[in-house]
Amino acid sequence: MTTMQVEIVSSEEQIFSGEAEYVVAPGSEGELGIYPHHISLINKLSPGLFRVKLPQKEIQLVYAISGGFLEVQGNKVTVL
């Protein structure tokens, strides 16, 4: 199973750092599904739910976000 590194950072602290199978983000033009080895991307995020699928677990972590930016570079996703 292939995973990617995910970092979720607010202006005050790091909220999440770890491996994920995929993430689903509320993009400004609709939901974005990001899987490992996704093409490089920078996108504005809208308020909504950001979901992180943990490797080898049946659960997803769900974060409520008020907007921000998502960057995909290499095999890493960063949410600011």
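Start with the whole chain: read along the sequence, its pattern is β-β-β-β-β-β-β-β-β. That comes to 0 helices and 9 strands. Both element types are DSSP runs, numbered from the N terminus: helices are H or I with at least four residues, strands are E with at least two.

The model is predicted: local features need pLDDT of at least 70, side-chain atom pairs count only at pLDDT 80 or more, and totals for chains, interfaces and linings use all residues. Residues are numbered from 1 along each chain as its sequence is written, and side-chain values use heavy atoms, with hydrogens and water left out.

**Stop 1: the whole chain**

Show the C-alpha trace. Along its principal axes it spans about 30 × 25 × 20 Å. The radius of gyration is 11 Å, which agrees with the value near 12 Å for a compact globule of 80 residues. This radius is taken over C-alpha atoms, and the globule rule is 2.2 Å times the number of residues to the power 0.38.

Switch on the surface. The chain exposes about 4800 Å², and carbon and sulfur atoms supply 52% of it. Accessible areas come from the Shrake-Rupley method with a 1.4 Å probe; for residues, only the protein chains shown count as cover.

Now colour by burial. Buried residues make up 38% of the 80 residues. Buried means under 20% relative accessible area, exposed over 50%, and partly exposed in between (1.4 Å probe, protein chains only).

Next, contacts, meaning heavy atoms within 4.5 Å. Take those between residues at least 6 apart in sequence: 46% join residues at least 24 apart.

**Stop 2: the largest pocket**

Select I8, V9, S10, I15, Y63, A64, I65, S66, G67, G68, V79 and L80; these residues line the largest pocket. About 160 Å³ of space lies in it.

The pocket terms rest on a 1 Å grid over the protein atoms alone. A cavity is a set of points where a 1.4 Å probe fits but cannot get out; a pocket is an open set with protein on both sides within 12 Å along at least five of seven lines. Lining residues have an atom within 4 Å of a point. Grid points are joined across faces, edges and corners, and a volume is the space filled by probe spheres set on the points.

Which strand gives the most to the lining of the largest pocket? It is β7, with 3 residues. Colour β1 (4–9) and β7 (60–65): each supplies at least two lining residues.

Then colour the lining by residue type. The split is 8 nonpolar, 4 polar and no charged. Here Ala, Val, Leu, Ile, Met, Phe, Trp, Tyr, Cys and Pro count as nonpolar, Asp, Glu, Lys and Arg as charged, and the others, Gly among them, as polar.

**Stop 3: two buried strand residues**

Select G18, in strand β2 (residues 14–20). G18 is buried, with a relative accessible area of 16%. Beyond residues up to four places away in sequence, G18 touches M4, Q5 and V6. Draw a distance to S40, 22 residues apart along the chain: the C-alpha atoms are separated by 19 Å.

Jump to T78, in strand β9 (residues 76–79). T78 counts as buried at 16% relative accessibility. Leaving out residues up to four places away in sequence, T78 touches E7, F69, L70 and E71.

**Stop 4: strand β4**

Select G30, found in strand β4. Is G30 buried or partly exposed? G30 is partly exposed, with a relative accessible area of 32%. Measure across to L45: G30 and L45 are 15 residues apart in sequence and 9.1 Å apart in space, C-alpha to C-alpha.

**Stop 5: the loops**

Go to the loop between β4 (30–34) and β5 (41–45) and pick H37. H37 is exposed, with a relative accessible area of 60%. Its phi is near 65 degrees, a positive value in a residue other than glycine. Most residues other than glycine have a negative phi.

Move to the loop between β6 and β7 and select Q56. The phi of Q56 is near 55 degrees, again positive in a residue other than glycine. Q56 is exposed, at 70% relative accessible area.

Finish in that loop, between β6 (48–53) and β7, with I59. I59 is partly exposed, at 49%. Leaving aside neighbours within four places in sequence, I59 is in contact with V52, K53 and L54. For a last distance, take A25: its C-alpha and that of I59, 34 residues apart along the chain, are separated by 16 Å.
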